[in-house]
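I set out to record, entry by entry, what I looked up in this model. The entries go from single elements to the chain as a whole.

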Amino acid sequence: MSEFIIVTDSSADLDTGMARELDVQVLPLGFVLEDHTYYNYPDNREMDPHVFYDRLRQGEVATTNAVNVAQYTETLEPLLQAGQDVLVLAFSSGLSTTYNSSAIAVEELSAKYPERKLYTVDTLCASLGQGLLVWYAAQQRNKGWSIEEVRDWVEEHKLNLCHQFTVDDLHFLKRGGRISAATAMVGSMLHIKPILHVDGEGHLINIGKARGRQASLKAMVDRMEETSIDSGSLTVFISHGDCLEDARTVAEMVKERFGVQDVYINYVGPVIGAHSGPGTLALFYMGTER
C-alpha cells in the first residue's frame with residue numbers, strides 16, 4: 001500500500017486504467033442533461049463520452065456540479081479511519097468551487113483526526129492538465145517522497161503545467177460568456193478557431209486565433225515549441241471532445257517535432273466539455289511558463 005493516498009476529481013479526465021496505474025482515487029463530478037444528474041466516473045459507467053457529445057451536437061444543454069463538502073468528507077474520512085494520510089489535488093479554483101469544498105472538508109477532518117496528515121492543493125489546472133499534474137505527483141510518491149515533499153513539489157511546479165486548447169464550435173464559448181455573440185458569428189463564418197490556455201490564476205482565457213482547424217492544431221504545437229522544457233523527454237497528455245483523429249494528429253506532430261515518446265490521449269470529460277463543446281482539442285506538457 002502507498003505511504004499516502006492521492007485523491008483527485010474527475011475533471012482530471014483520467015480513465016480507469018490510468019487511475020489504477022497511478023494508484024489514485026477519483027471523486028466523480030456531476031453533470032446534468034435533460035434535468036437528470038449523471039456522475040462522471042473514470043470508467044464512464046453512467047454515460048459514454050461519445051453519447052454525451054452526440055447529445056450536445058443535437059442541441060441539448062449540459063450543466064455541471066462541483067464536488068461538495070459532504071462528498072469530500074464521505075471519501076476522505078474512511079481513508080483517515082484506516083490510518084492513511086491523504087493528499088488532495090483539486091480542480092482549478094478559477095473554474096470551479098471544487099477546491100473550496102475540499103479545503104473546508106480538509107480543515108474539518110484535520111481537526112477530527114489530528115494524528116493524520118491531510119492536505120489539499122488547488123492545482124489551478126483543468127482536464128488532462130490536472131491529470132498530468134496528478135501523474136507527476138504519483139511518480140514522486142512512488143520514488144518514496146513524503147506527502148509534504150510531493151505537496152510542495154506540486155505547489156512549486158503547477159504553474160509550469162502548460163495548457164493549450166482549441167475548440168471547433170464557437171457556440172459553446174459564446175454561451176459561457178468567453179466570447180461575444182458577434183465574435184462567435186464572424187468567427188464561424190470565417191472559420192476562425194481560438195487558441196486558449198489556462199492562466200496562472202486557473203482561468204481559461206483566449207490567447208490567439210488561427211484560420212481553420214488544421215492551423216489551430218499546428219498553432220498549439222508551435223506554442224509548445226516556444227514554452228516546453230526538455231521536449232524529447234516530456235510526457236505529453238492530449239484530451240479531445242470526441243475528435244480522436246485530431247488528437248492522434250497532434251500526437252504525431254509532437255512526436256515528429258520533439259521526439260516525444262510518451263503521449264496519453266483521453267476524452268475531455270463533461271465538466272469541461274459542457275462549456276467547450278464537441279471538437280475541443282487540448283495539449284498538456286511541462287514548460288517554462290503557462
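**Entry 1: strands β11 and β12**

I looked up the pairing of β11 (residues 235–240) and found that β11 runs parallel to β12 (residues 262–267), with six bridges between the two strands. This pairing, like everything in these entries, is read from a predicted model. For the register I noted that T235 has D262 of β12 opposite it.

I then asked how many of the six residues of β11 are buried. The count is six of six, and I therefore entered the strand as mostly covered, with buried meaning under 20% relative accessible area. Next I sorted the side chains of β11 by direction. T235, F237 and S239 point one way, whereas V236, I238 and H240 point the other way. Both sets are buried. The alternation is expected, because side chains in a regular strand alternate between the two faces of the sheet.

**Entry 2: the β3–β4 hairpin**

I turned to a second pair of strands. β3 (residues 29–33) and β4 (residues 36–40) pair in the antiparallel sense, and I counted five bridges for them. Here L33 stands opposite H36 of β4. The two strands make a hairpin with two residues between them. In that turn, I noted a positive phi of about 50 degrees at E34.

**Entry 3: positive phi at D23 and S127**

I looked up two further residues with positive phi. D23, which is not a glycine, has phi near 60 degrees. D23 sits in the loop that links α1 (16–22) to β2 (24–27). Is D23 buried, partly exposed or exposed? Its relative accessibility is 38%, so I entered D23 as partly exposed, the class between the 20% and 50% limits.

The other residue is S127, also not a glycine, with phi near 50 degrees. S127 belongs to helix α5 (residues 127–142). I entered S127 as buried because its relative accessibility is 0%.

**Entry 4: G273 and its surroundings**

I followed S127 to a residue remote in sequence. G273 and S127 are separated by 146 residues in sequence, yet their C-alpha atoms are 9.3 Å apart. G273 is placed in helix α11 (residues 270–276). With a relative accessible area of 0%, G273 is buried.

Which residues does G273 contact, once its neighbours within four places in sequence are left aside? I found F52, Y53, L56 and V268.

**Entry 5: F172**

L56 came up again when I looked up F172. Not counting residues up to four places away in sequence, F172 touches L56, A274, H275, S276, G277 and P278. F172 lies in helix α7 (residues 170–175). Its relative accessible area is 4%, and F172 is therefore buried.

I also checked F172 against E155. The two are 17 residues apart in sequence, and 31 Å lies between their C-alpha atoms.

**Entry 6: S96**

I looked up S96 in the loop between β6 (86–90) and α4 (98–112). S96 has a relative accessibility of 14% and so counts as buried, since the limit is 20%. Leaving out residues up to four places away in sequence, I listed A66 and F91 as the residues that S96 touches. I also noted T64, which is 32 residues from S96 in sequence and 9.6 Å from S96 in space, C-alpha to C-alpha.

**Entry 7: the chain as a whole**

I closed with totals. The protein chain has eleven helices and 13 strands. Its radius of gyration is 19 Å, close to the 19 Å that the globule rule gives for 290 residues, so the chain is as compact as a globular protein of that length. Along the principal axes, the C-alpha atoms fill a box of roughly 60 × 45 × 30 Å.

Of the 290 residues, 55% count as buried. I took contacts between residues at least 6 apart in sequence and found that 76% of them join residues at least 24 apart. The exposed area is about 12,300 Å², with carbon and sulfur atoms supplying 48% of it.

Last, I looked up the charges. There are 24 positive and 40 negative side chains in the protein chain. The centres of these two sets lie 5 Å apart.

Methods
Residues are numbered from 1 along each chain as its sequence is written. This is a predicted model: local features need pLDDT of at least 70, side-chain atom pairs count only at pLDDT 80 or more; totals for chains, interfaces and linings use all residues. Side-chain values use heavy atoms; hydrogens and water are left out. Helices (H or I, at least four residues) and strands (E, at least two) are DSSP runs, numbered from the N terminus. The radius of gyration is taken over C-alpha atoms; the globule rule is 2.2 Å times the number of residues to the power 0.38. Buried means under 20% relative accessible area, exposed over 50%, partly exposed in between (1.4 Å probe, protein chains only). Contact means heavy atoms within 4.5 Å. Accessible areas come from the Shrake-Rupley method with a 1.4 Å probe; for residues, only the protein chains shown count as cover. Lys and Arg count as positive and Asp and Glu as negative; His and the chain ends are not counted. The place of a charge is taken as NZ of Lys, CZ of Arg, CG of Asp or CD of Glu. Two strands pair if DSSP finds at least two bridges between them.
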